Amino acid sequence: MRNANIKKMAAVALLMALVVVMQFVGGMIPPVGGFSISLVLIPIVLGSALYGPGVGALLGGTFGAIVFINCVTGADPGGAMVFQAGPVLCFLVVMAKGILAGLTSGLVYKLLAKHNAYAAMLCAAIVCPVVNTGVFVVCMLTFFKDVLSVWAGGGDLMAYILTGLVVANFLPEMVINVVFGTAGQTVIHVVNKNK
């Protein structure tokens with residue numbers, strides 16, 4: 001039992017390190033069409049499926065913490081605008097979206113895995129970016145509408161949300177997450193076999 005706990009702790013630490021590296025490296029890659037695509041949700045989905053919703057929340061919180069650091073340091077220019085508009089709310093938004101994305105991904109996987117592990121992984125891989133982007137958009141509309149208007153360049157806010165945040169950012173993120181996340185079910189099968 002002790003070896004199993006040590007293996008789990010090491011695996012979670014490795015996934016956390018992967019989240020940190022992927023988020024920092026992802027921030028260094030120039031945005032495509034003004035938007036950056038995040039790959040960091042892949043290890044969050046994998047960790048939440050392997051070790052449960054609590055680990056998913058921990059990995060999502062790690063993601064949120066790195067996003068917040070990028071907002072504070074200006075590594076994420078849009079995030080820096082949000083931080084300047086409201087540092088505490090900025091922290092709460094980025095932490096909430098990350099934690100809830102990991103938590104719900106783990107809950108969905110846990111609920112569905114009893115019936116079909118591959119379908120569970122597919123649904124978890126979809127839920128994670130949906131929650132991440134959904135919480136972000138709702139919070140931006142609620143707390144940072146002025147910043148969102150600046151990002152929209154004075155254009156129609158809902159059109160910007162649909163084209164800029166959903167079509168150009170969320171959809172590619174979700175496709176990448178689904179492709180790599182569902183492939184992660186093979187990793188889960190191997191890990192569970194070796195427990």
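**Group meeting: an all-helix chain**

Okay, let me start with the charges: this protein chain carries 9 positive and 4 negative side chains, and the centres of those two sets sit 31 Å apart. Keep in mind throughout that we're looking at a predicted model.

So, the fold. What does the chain have in the way of helices and strands? There are 8 helices and 0 strands. If you walk along from the N terminus, the elements read α-α-α-α-α-α-α-α.

Next, overall dimensions. Along the principal axes, the C-alpha atoms take up a box of roughly 55 × 30 × 30 Å. The radius of gyration is 17 Å, and that agrees with a compact globule, because one with 195 residues would come out near 16 Å.

On to packing. Take the contacts with a separation of 6 or more: 73% of them are between residues 24 or more positions apart. As for burial, 43% of the 195 residues count as buried. The chain exposes about 10000 Å², with carbon and sulfur atoms supplying 74% of that.

Now have a look at one helix up close, H2, which covers residues 41–51. How many of its residues are buried? It's 11 of 11, so to speak a full house. Among them you'll find Leu-41, Ile-42, Val-45, Leu-46 and Leu-50, along with Pro-43, Gly-47 and Ser-48. Tyr-51 is on the buried list too. And right after H2 comes Gly-52, which takes a positive phi of about 105°.

That's my tour; over to you for discussion.

Conventions:
Residues are numbered from 1 along each chain as its sequence is written. This is a predicted model: local features need pLDDT of at least 70, side-chain atom pairs count only at pLDDT 80 or more; totals for chains, interfaces and linings use all residues. Side-chain values use heavy atoms; hydrogens and water are left out. Helices (H or I, at least four residues) and strands (E, at least two) are DSSP runs, numbered from the N terminus. The radius of gyration is taken over C-alpha atoms; the globule rule is 2.2 Å times the number of residues to the power 0.38. Buried means under 20% relative accessible area, exposed over 50%, partly exposed in between (1.4 Å probe, protein chains only). Contact means heavy atoms within 4.5 Å. Accessible areas come from the Shrake-Rupley method with a 1.4 Å probe; for residues, only the protein chains shown count as cover. Lys and Arg count as positive and Asp and Glu as negative; His and the chain ends are not counted. The place of a charge is taken as NZ of Lys, CZ of Arg, CG of Asp or CD of Glu.
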